[in-house]
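Subject: Structure for your review

Dear colleague,

Please find below the structure I promised to pass on. My notes on it follow, and I would be glad if you read them with the model open.

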Amino acid sequence: MNRNPHVAVVGATGAVGIEMILTLEKRNFPVGKLTLLASARSVGKHLTFRGQTVVVQELTKDSFTGIDIALFSAGGNISKEFAPIAAKAGCVVIDNSSAFRMDDSVPLVVPEVNAADVKNHQGIIANPNCTTAITLLALYPLHQAFEVKRIFASSYQAVSGTGAKAIEELERQVKEVVAGQPVTKEVYPHQIAFNVLPHVDSFLPSGYTKEEMKMENEGRKIMHHPGFRASVTCVRVPVYRAHSVAVSAEFALPITVEGARKVLRNAPGLDVVDNPDAKEYPLPLHVAGNYNCQVGRIRKDCAMDNGLCFWVVGDQLLKGAALNAVQIAEELLK
Ligand SMILES: NC(=O)c1ccc[n+]([C@@H]2O[C@H](COP(=O)([O-])OP(=O)(O)OC[C@H]3O[C@@H](n4cnc5c(N)ncnc54)[C@H](OP(=O)(O)O)[C@@H]3O)[C@@H](O)[C@H]2O)c1
């Protein structure tokens, strides 16, 4: 791999793409050249990288000549069509969509958990589901110490997880409600302002949504733990940025709160914020914009043997997407 790679961001104008450009800059990733790609709608738009203007180009089949690393965040259909073309052109694709995550030939990587899997790539590396990545930052170190068997979890997912149009929808609906006007809907099936929607992604015959099953399916692959089980309810909440997850986890080995805290304090990419007496616990408003996730509300689960409850919060545009992708790119250069 070129030590100063030519990097492309596919979906550069989107909620994740913008964060990818910022993260490459903030982490001093040794970008030799940056190419920004999006749809025909965005051709000619100007974005800034390291103080220089970069003009957005249209994504085409010929976009990948000479590119070393392509960070994809333009949705599953674009990834399915263009990631194989990019890989064939000799570039390593780091894909944010769900298109290739469960493909056996594609590593699915959270660097704090399974960085070594990056080396097995055949041109495409997948970035995990955002809620799964954030949960695993707390769950995986506990698994290493106490062997997790299963979890029950509920997520509280921010609208920016659905992209730029959903951020606009929450802003617009808040204004409409406050002004006493009828609420208009484009992105979500119901009003999201001043509401919660127990519906993220499409429903499966089992009654779970696809998003809910990602925790078990992707969790097994990332942790190399085929017996891991997860029953999850994913909920969209009127928060702009950062997902929260309430987790009850059952372990094979006895676990104590003190033992868990010790493990979590040493976990990479994670801060323990857990002082309920002082009203200190992780909050999306505090975590938004941070690289590290936060865990708190750590307590014994009163309904399970060897059970622990915790509340983990992470900026899903960063740890769930842009930061994780750039960390994978950093692994490629090691
Ligand atoms: N948002 C999150 O927190 C998050 C977390 C993890 C993973 N992801 C995944 O990341 C991907 C992007 O999400 P997002 O939230 O950034 O969405 P978004 O804000 O809607 O952005 C979509 C991006 O894709 C581009 N695009 C759309 N159609 C295209 C086409 N035909 N050709 C080329 N580019 C096209 C858009 O370009 P234009 O501006 O030109 O339309 C825009 O840059 C999705 O696969 C999503 O599942 C998102």
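Which residues are exposed on the other side of H5? Before answering, I should say that this is a predicted model, and that the helix in question, H5, runs over residues 164-178 and reaches 22 Å from its first C-alpha to its last, close to the 21 Å expected at 1.5 Å a residue. Within H5, Ala166, Glu169, Leu170, Gln173 and Glu176 are buried; because they cover an arc of only 135° around the axis, they sit on the same side of H5. The exposed residues on the other side of H5 are Lys175 and Val178. Just after the helix, Gly180 adopts a positive phi of about 70°.

The second part of my notes concerns the ligand. There are 25 residues around the ligand, and Thr13, Ser39, Arg41, Ser42 and Ala164 come nearest. By character, the residues of this shell divide into 10 nonpolar, 14 polar and one charged, and helix H1 (15-26) and helix H9 (318-333) each contribute at least two residues to the shell.

As for individual contacts, a polar side-chain atom of Thr13 lies 2.5 Å from an oxygen atom of the ligand, while polar backbone atoms of Gly11 and Ala164 are found at 3.1 Å and 2.9 Å, respectively, from an oxygen atom of the ligand. Of the 890 Å² of accessible area that the ligand has on its own, the protein covers 78%.

With best regards

Terms used
Residues are numbered from 1 along each chain as its sequence is written. This is a predicted model: local features need pLDDT of at least 70, side-chain atom pairs count only at pLDDT 80 or more; totals for chains, interfaces and linings use all residues. Side-chain values use heavy atoms; hydrogens and water are left out. Helices (H or I, at least four residues) and strands (E, at least two) are DSSP runs, numbered from the N terminus. The expected span of a helix is 1.5 Å times one less than its number of residues. Buried means under 20% relative accessible area, exposed over 50%, partly exposed in between (1.4 Å probe, protein chains only). The arc is that of the directions from the helix axis to the C-beta atoms. A residue is near a molecule or strand if one of its heavy atoms lies within 4 Å of it. A polar contact is a pair of N or O atoms within 3.5 Å; within protein, one must be able to donate a hydrogen and the other to accept it, and residues adjacent in sequence count only if both atoms are side-chain atoms. Accessible areas come from the Shrake-Rupley method with a 1.4 Å probe; for residues, only the protein chains shown count as cover. Ala, Val, Leu, Ile, Met, Phe, Trp, Tyr, Cys and Pro count as nonpolar, Asp, Glu, Lys and Arg as charged, and the others, Gly among them, as polar.
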